[in-house]
Amino acid sequence: MSDTKAQLTINGKDPIDLPVYQGTTGPDVIDVRSLVSKGVFTYDPGFVSTAACDSQITYIDGNAGILLHRGYPIEQLAENSDFLEVCYLLLNGELPNPDERNIFENEIRYHTMVDQQIHEFFKGFPRTAHPMAMLCGIVGALSAFYHDTLEIDNHEHRIRAAIRIIAKMPTLAAMCYKHGIGQPFMYPQNNMSLSENFIHMLFGTPCDRPKVSPTIAKAMDTLFLLHADHEQNASTSTVRLAGSTGSNPYACVASGIAALWGPAHGGANEAVLDMLYEIGDESRIEEFILKAKDKDDPFRLMGFGHRVYKNYDPRATVIRGICNQVLEELGAENDPLFKIALKLEKIALEDEYFIERKLFPNVDFYSGIILKAIGIPTSLFTVIFATGRTPGWIAHWHEMLSESYRIGRPRQLYQGSTKRDYPR
Ligand code: SDX
């Protein structure tokens, strides 16, 4: 924290000195906490220019298209690391040495199975239930099973809860899929890596355990890695807000799942595929670009734009590369949806409306094409996003609880009726 100051003068009154703090990088922040004692609030619907906390986990430079996890560029992590190592990095702050990696991998491996009672939960859901509805409900109920990790002020409890949630999310995600298609749940195999296991639990059956393609498993792993964390996005901020009341970690992650579900956030990957299907042919792209630009039309180009990135989302660039690899591996390089996506991206990036508003493809634009090519139904896409984002959610929850924190309680600009008496 530094002794730099900002001054605020309201209606000609004496100026108010406000401390200004510098981070290790990124914009300075003005500490406005003293304003409530002066009888005024700041006003920032959507928190466009509000720093809700300080954090050491992830840094984004939206103008430069930079994303760092504990200082490591996402491109380098995607190239050299894997999802499990990034989970460790987000949670602990440093890359694991070989022993630490081995211990962490085993801790995750031996927590991938879920309590058998949880299998019964699915019987209550219709086969047609949206997978996010099932995931949200079941993760919220996990605290009913794990009473040994509910002391949120206990560091060991927090780490054990984090490991449990990271380990079980792929299993629960696969169970949501299996329930929807009427197939039996597959148990995680201890001789498989996390992402290989996920593909196995999705597509294996008691009658047939197809060999998991290393290319597909690696693509899945990199997708999880690229979704692992993203600073104070809507769902992570929801997890932090829930955590600030002292809620248990399972309830906090369930609140993050609920927030991620929206099409403006994690639901966009599902919405991108629906949009590409609706476009249907490259000849109709211009029609949809016009719709996206029409203020009277609520349609937006799904997978484009971002609150923070006013440049390419670095994750989208990596995912586009994976798209090529997976489609080639599957002999689907002429996938019509991929061709529409490539053409849509090219046209949008040449259009003044998108250039002026710095609307670039985001993480969701290409991920759905990979998932569809792997054979994953659109309805499961956001569940996969949630599985990838789990380490980020729980790392922020853990970071907040490791420091002093207060219950989150924003204020408002009141525009309603002033005091009036009840009519006699
Ligand atoms: C994720 O926060 C995170 O980090 C999120 C995320 C993560 O990893 O957690 O990165 C994941 O959520 C990615 C975003 C996925 N969502 C979508 O792809 C849905 C489509 N995108 C839009 O809904 C929108 O771009 C948002 C929600 C992503 C950002 O909304 P903002 O910051 O509130 O932007 P805005 O509404 O202020 O838009 C600014 C202008 C507006 O036009 P004008 O009023 O200035 O004329 O850009 C326009 C918007 O109408 N605009 C779009 C558009 N996105 C913004 N116009 C057409 N298509 C779009 N996609």
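User: What phi does Gly 375 take just after H16?

Analyst: This is a predicted model. Gly 375 comes just after H16, a helix that runs over 364–374. The phi of Gly 375 is positive, at about 105 degrees.

User: How many of the 11 residues of H16 are buried?

Analyst: Buried means under 20% relative accessible area. The buried residues of H16 include Asp 364, Phe 365 and Tyr 366, and also Ile 369, Ile 370, Leu 371 and Ile 374. H16 is largely enclosed by the rest of the structure because the buried residues number nine of the 11.

User: Which helices are included in what covers the buried residues of H16?

Analyst: The cover is a matter of contacts, with heavy atoms within 4.5 Å. On the N-terminal side of H16 in sequence, the cover includes helix H7 (194–203), helix H8 (214–226) and helix H11 (268–279). The helices named as cover are H7, H8, H11, H13, H14 and H17.

User: Which residue in the loop between helix H15 (352–356) and helix H16 (364–374) is Lys, and is Lys 358 buried or partly exposed?

Analyst: The residue in that loop is Lys 358. Its phi is near 50 degrees, a positive value in a residue other than glycine. Most residues other than glycine have a negative phi. With a relative accessible area of 41%, Lys 358 is partly exposed.

User: Where is Asn 11, and what is its relative accessible area?

Analyst: Asn 11 lies in the loop between strand S1 (4–8) and strand S2 (16–21). Asn 11 has a positive phi of about 50 degrees, although it is not a glycine. Exposed means over 50% relative accessible area. Asn 11 is exposed, and its value is 73%.

User: What radius of gyration does the protein have, and why does it agree with a compact globule?

Analyst: The C-alpha trace spans about 75 × 60 × 55 Å along its principal axes. For 424 residues, a compact globule would have a radius of gyration near 22 Å, so the protein agrees with that figure at 23 Å.

User: What percentage of the contacts between residues at least 6 apart in sequence join residues at least 24 apart?

Analyst: The protein has 17 helices and six strands, and buried residues make up 49% of its 424 residues. Of the contacts between residues at least 6 apart in sequence, the share joining residues at least 24 apart is 70%.

User: How far apart do the centres of the positive and negative side chains lie?

Analyst: The protein exposes about 21,000 Å², with carbon and sulfur atoms supplying 52% of it. There are 40 positive and 52 negative side chains, and the centres of the two sets are separated by 7 Å.

How values were computed:
Residues numbered from 1 in each chain as written. Predicted model: local features only at pLDDT ≥ 70, side-chain atom pairs only at ≥ 80, totals over all residues. Heavy atoms only, no water. Helix = DSSP H or I, 4+ residues; strand = E, 2+ residues; numbered from the N terminus. Rg over C-alpha atoms; globule rule 2.2 N^0.38 Å. Buried < 20%, exposed > 50% of the residue type's maximum accessible area, 1.4 Å probe, protein only. Areas by Shrake-Rupley, 256 points an atom, 1.4 Å probe, with all protein chains shown as cover. Lys, Arg positive; Asp, Glu negative; His and termini not counted. Charge placed at Lys NZ, Arg CZ, Asp CG, Glu CD.
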